[in-house]
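Please find below a short note on the structure, arranged as numbered points. Each point may be read with the sequence and the model side by side.

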Amino acid sequence: MAILAMSCVRAFGDRSIIVDPSYAYYKNRSVESIVEEIKANGYDEVRLCCTNESGIDGSLVKAFVDAGVRVWMLTFTNGVYSRVDLPKGWEAWRMKLRKKPDPAGFTMLCPNNLDYRAWKKQQVTAALRAHPFHGIDLAEPQMPAYPGPESEHYGCFCDACLEEFKRLYPGVTRFPDFEDPESEYFWKKNKDLYEKWVGFRVATVVNWLDDLVNGNGGIREKCPGVKIATWSLGLDVPDQLSKLREWQAMDAAAIVRRVKPDVHVIQTDWPDWIKDNLDPNYAAAYKPIFDSVRQVAPSIPIILQTDIGSKPNMRRDTHWIKAVETAARKMGYAGVFHYEYHLGEYIYSDPPTVVNACFDGNTIKLVFNKRLDPAQACNVSNYSLSSGRVDFARVDGNVIYLSVSGAMRGLVLTVSGLSDDASRRLYHDKPACVMPDPIEITIE
Ligand SMILES: [Zn+2]
């Protein structure tokens, strides 16, 4: 039996995590319980996934801020997951890709389209003014796609890109040819044109981010107090600096030099995060990127972003998460943040446990490490007291409220038989996690 003595002391770390409130894990519970759970797991900063600005839950942002948790607005800069905010005529902004349309579930929008830029600037600055965000993550500014021109999603070949390509390189009249090896413009044959094209793609990303942050009506003008985080990619391939430029138009140093962000994020590219047994030390392979940023901005905090469970084969447990955080700090990173909180292996494997307990004379509030199965959590026979009795149990996500009568301070509460809520997970390949033993809690 685990014996805990508790009062209302909260554990704080110096750690950050992505929260995407669109997942089922965050539905049908109070915003306060979401905040309680994130804090109970040692995070004092969140990056809130904002797939459409109009859908931002202001009460969730406020609840985090009220609880002393910094909130970054995480927005995607090369397209949208949700089309609900897009205005009439948005179809003209779509990227034109080599063979296939957008990857499933995502609509790529071209940053060379000035109407898209103006709309995105307005969306972002309005959201930053409406909510008390600490900063903004300008996520995924890359052009498609890994591994370069061979990808069916490679692009963009829209009219706005052609105009901008010609403007940037006078004398250029057309895109390189990516289909016909016999063409004199074929990318593998016409090196001069292809190199200009690669340079143009990198410039597209840098100019876009600079405009969004520092341009007229941009974030710094409209929302001067908001911290800016630019993003680029990390990818473990030989000659990664030039491959990232060539394949995904990513040049971290060029972004940082021009945009002058407060923080730079190196996002783990998907060919790395999908690996089953990714070494927690894997960011060592990103040293050339890290060093390239250091060279242009010697004191900027650099953060590593990683994925902890978008696929069932690569869900990371708390041991791995601690190891990657420790390894990154040793390499000079200011920290790590993970996509996404409820995707980690701990949600599938760790039993529920009490991390905090309070008693105000009538109600005992129990904060758990994770969301609970409501049927068992509401069953009063799972609780017993050394003095008085439990009349009623109410559950709110990871928080249980026990209405008690006749109880004295210093009482001992025994909790048993609870399990987590497996129905709220992304994958349903493991049974619910049950408390292995009763927990005995002395409540001060
Ligand atoms: Zn385009």
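**Notes on the predicted model**

1. Leaving aside neighbours within four places in sequence, L241 is in contact with M250, P288, I289 and S292. The structure under review is a predicted model. L241 is found in helix 7, and its pairing with S292 shows how folding joins separate stretches: the two are 51 residues apart in sequence, and their C-alpha atoms are 8.8 Å apart in space. L241 counts as partly exposed because its relative accessibility is 39%, a value between the 20% and 50% cut-offs.

2. The loop that follows helix 7 also deserves attention. A249 is placed between helix 7 (240-248) and helix 8 (252-259). Its phi is near 60 degrees, a positive value in a residue other than glycine. Most residues other than glycine have a negative phi. Is A249 buried or exposed? At 1% relative accessibility, A249 counts as buried, since the limit for that class is under 20%.

3. A second residue with a positive phi is E140. Its phi is near 50 degrees, and E140 is likewise not a glycine. E140 lies in the loop between strand 7 and helix 4. With a relative accessible area of 17%, E140 is buried, because buried means under 20%.

4. The loop between strand 7 (135-139) and helix 4 also holds P147. The peptide bond from Y146 to P147 is cis, with omega near -5 degrees. Another cis peptide bond joins Y339 and E340, where omega is about -10 degrees. E340 is located in the loop between strand 11 (335-339) and helix 12 (346-349). Most peptide bonds are trans. The student may therefore wish to inspect both bonds in the model, given that general rule.

5. The zinc site is the next point. Which protein atoms are the donors of the zinc ion? They are the SG atoms of C110, C156, C158 and C161, lying 2.2 to 2.3 Å from the ion. The angles among the four donor atoms run from 96 to 119 degrees, and the site is tetrahedral. Along the chain, the donors follow the spacing C-x45-C-x1-C-x2-C. The pair of C110 and C161 links distant parts of the chain, 51 residues apart: C110 is in the loop between strand 6 (107-108) and helix 3 (114-130), while C161 is in helix 4. Both of these cysteines, C110 and C161, are buried.

6. Helix 4 supplies more than a zinc donor. Its buried residues are C161, L162, E164 and F165, and helix 5 is included in what covers them. Helix 4 (residues 159-168) packs against helix 5 (residues 191-214) at an angle of about 110 degrees, with the axes 10 Å apart. Helix 4 is therefore roughly perpendicular to helix 5, because angles of 65 to 115 degrees fall in that class.

7. The contact between these two helices can be followed residue by residue. From helix 4, the participants are C161, E164, F165 and L168; from helix 5, they are L193, K196, W197, F200, A203 and N207. By type, the residues of this contact divide into seven nonpolar, one polar and two charged. C161 thus appears in two settings, as a zinc donor and as a residue of the contact between helix 4 and helix 5.

8. N398 is placed in the loop between strand 15 (389-396) and strand 16 (399-405). N398 counts as buried because its relative accessibility is 0%. Not counting residues up to four places away in sequence, N398 touches R29, S33, E36, E37, L366, V367, F368, K370, R371 and L372.

9. The final point concerns Q376, which lies in helix 13 (residues 374-377). Q376 is partly exposed, with a relative accessible area of 28%. Where do its contacts lie, once residues up to four places away in sequence are set aside? Q376 touches N382, Y383, G417, L418 and S419. For Q376 and S419, the separation is 43 residues in sequence and 7.2 Å in space, C-alpha to C-alpha.

Key:
Residues are numbered from 1 along each chain as its sequence is written. This is a predicted model: local features need pLDDT of at least 70, side-chain atom pairs count only at pLDDT 80 or more; totals for chains, interfaces and linings use all residues. Side-chain values use heavy atoms; hydrogens and water are left out. Axes are lines fitted to C-alpha atoms, for helices over the stretch in contact, and angles run from 0 to 180 degrees between N-to-C directions. Helices (H or I, at least four residues) and strands (E, at least two) are DSSP runs, numbered from the N terminus. Angles under 35 degrees count as roughly parallel, over 145 as roughly antiparallel, 65 to 115 as roughly perpendicular and the rest as oblique. Contact means heavy atoms within 4.5 Å. Ala, Val, Leu, Ile, Met, Phe, Trp, Tyr, Cys and Pro count as nonpolar, Asp, Glu, Lys and Arg as charged, and the others, Gly among them, as polar. Donors are N, O and S atoms within 2.8 Å of the metal (3.2 Å for Na, K and Ca); water is not among the atoms, so sites may look incomplete. Four donors count as tetrahedral if all angles lie between 85 and 135 degrees; four count as square planar and six as octahedral if opposite donors are over 155 degrees apart and all others between 65 and 115; anything else is irregular. Buried means under 20% relative accessible area, exposed over 50%, partly exposed in between (1.4 Å probe, protein chains only).
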